[in-house]
Amino acid sequence: QVQLMESGGGLVQAGGSLRLSCTASGSIFSFNPMGWYRQTPGKQRELVALVSGGTPNYADSVRGRFTISRDNAKNTVYLQMNSLKPEDTAVYYCYVRAQSLNYWGQGTQVTVSS
C-alpha cells in the first residue's frame, strides 16, 4: 500500500512561480514512475510531468517552464512551476505507479490569476 502526501499549490499571479511537493510512504523505488497530473472541471486528467529511472517527461504545454525532480532517498517528487499562465489553473495530483497499481494524491489546487 502506498500513500501520497502533497504540499504546495495556492494562488499566484501570471508569470509567478509555485513549487509542489509529494512524499510517498511505502515501497517506492527509483524505477517506479512518479510525477504529476492535473485536471480542470469537465476535462480529463492530463499528464504534466513524470520521472522514471531519472528520465523526465513533460507535457508540451509545460516544457521549458516546469521542472520535475525527485529525491529517491526521501521518496519525494517536486514540481517547480515557473512562468505560470492562467491556463495552468487546475487541481494537481501526485501520481506513482508501484506494484502494478496506480496511486494518487488527494490533489492540490493551483490558481493562476491574469
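Modeller: Welcome! A residue counts as buried under 20% relative accessible area, as exposed over 50%, and as partly exposed in between. Please keep in mind that this is a predicted model.

Biologist: Thanks! Is Asp-60 buried or exposed?

Modeller: Asp-60 has a relative accessible area of 65%. The cut-off for the top class is over 50%. Asp-60 is therefore exposed.

Biologist: With which residue does the side chain of Asp-60 meet in a salt bridge?

Modeller: Let's look at the partner's accessibility, which is 48%, so that residue counts as partly exposed. The N to O distance in this salt bridge is 2.6 Å. The partner of Asp-60 is Arg-63.

Biologist: How many salt bridges are there in the whole structure?

Modeller: One of them joins Asp-88 and Arg-38, with the closest N and O atoms 3.0 Å apart. Another joins Arg-65 to Asp-88, at 2.8 Å. A search of the whole structure brings the count to 4.

Biologist: How many residues apart in sequence are the parts that Asp-88 and Arg-38 tie together?

Modeller: Asp-88 is buried, with a relative accessible area of 0%, and Arg-38 is buried too, at 6%. Asp-88 sits in the loop between strand 8 and strand 9, whereas Arg-38 belongs to strand 4, so their salt bridge ties together parts whose separation in sequence is 50 residues.

Biologist: Which residues are linked in a network of salt bridges?

Modeller: Asp-88 bridges to Arg-38 and also to Arg-65, which is buried at 11% relative accessible area. Glu-46 belongs to the network as well. The linked residues are Arg-38, Glu-46, Arg-65 and Asp-88.

Biologist: Which two residues form a disulfide?

Modeller: By the distance rule, the count comes to 1 disulfide, with its sulfur atoms 2.0 Å apart. The link is left-handed, with -85 degrees about the S-S bond. It joins strand 3 to strand 9, across 72 residues. Both partners are buried, and they are Cys-22 and Cys-94.

Biologist: Which strand gives the most residues to the largest nonpolar core?

Modeller: This core has 30 residues, and among the members that touch the most others are Trp-36, Leu-79 and Tyr-92. Several elements give two or more residues to the core, including strand 4 (34-39), strand 8 (76-81) and strand 9 (90-98). The top contributor, with 5 residues, is strand 9.

Biologist: Leaving aside neighbours within four places in sequence, which residues are in contact with Leu-79?

Modeller: As background, nonpolar side chains tend to be buried together in soluble globular proteins. Leu-79 is in contact with Leu-18, Arg-19, Leu-20, Trp-36, Val-48, Ala-49, Phe-66, Thr-67, Ile-68 and Tyr-92.

Conventions. Residues are numbered from 1 along each chain as its sequence is written. This is a predicted model: local features need pLDDT of at least 70, side-chain atom pairs count only at pLDDT 80 or more; totals for chains, interfaces and linings use all residues. Side-chain values use heavy atoms; hydrogens and water are left out. A nonpolar core is a set of buried Ala, Val, Leu, Ile, Met, Phe, Trp, Tyr and Cys residues joined through side-chain atoms within 4.5 Å. Buried means under 20% relative accessible area, exposed over 50%, partly exposed in between (1.4 Å probe, protein chains only). Helices (H or I, at least four residues) and strands (E, at least two) are DSSP runs, numbered from the N terminus. Contact means heavy atoms within 4.5 Å. A disulfide is a pair of cysteine sulfur atoms within 2.5 Å.
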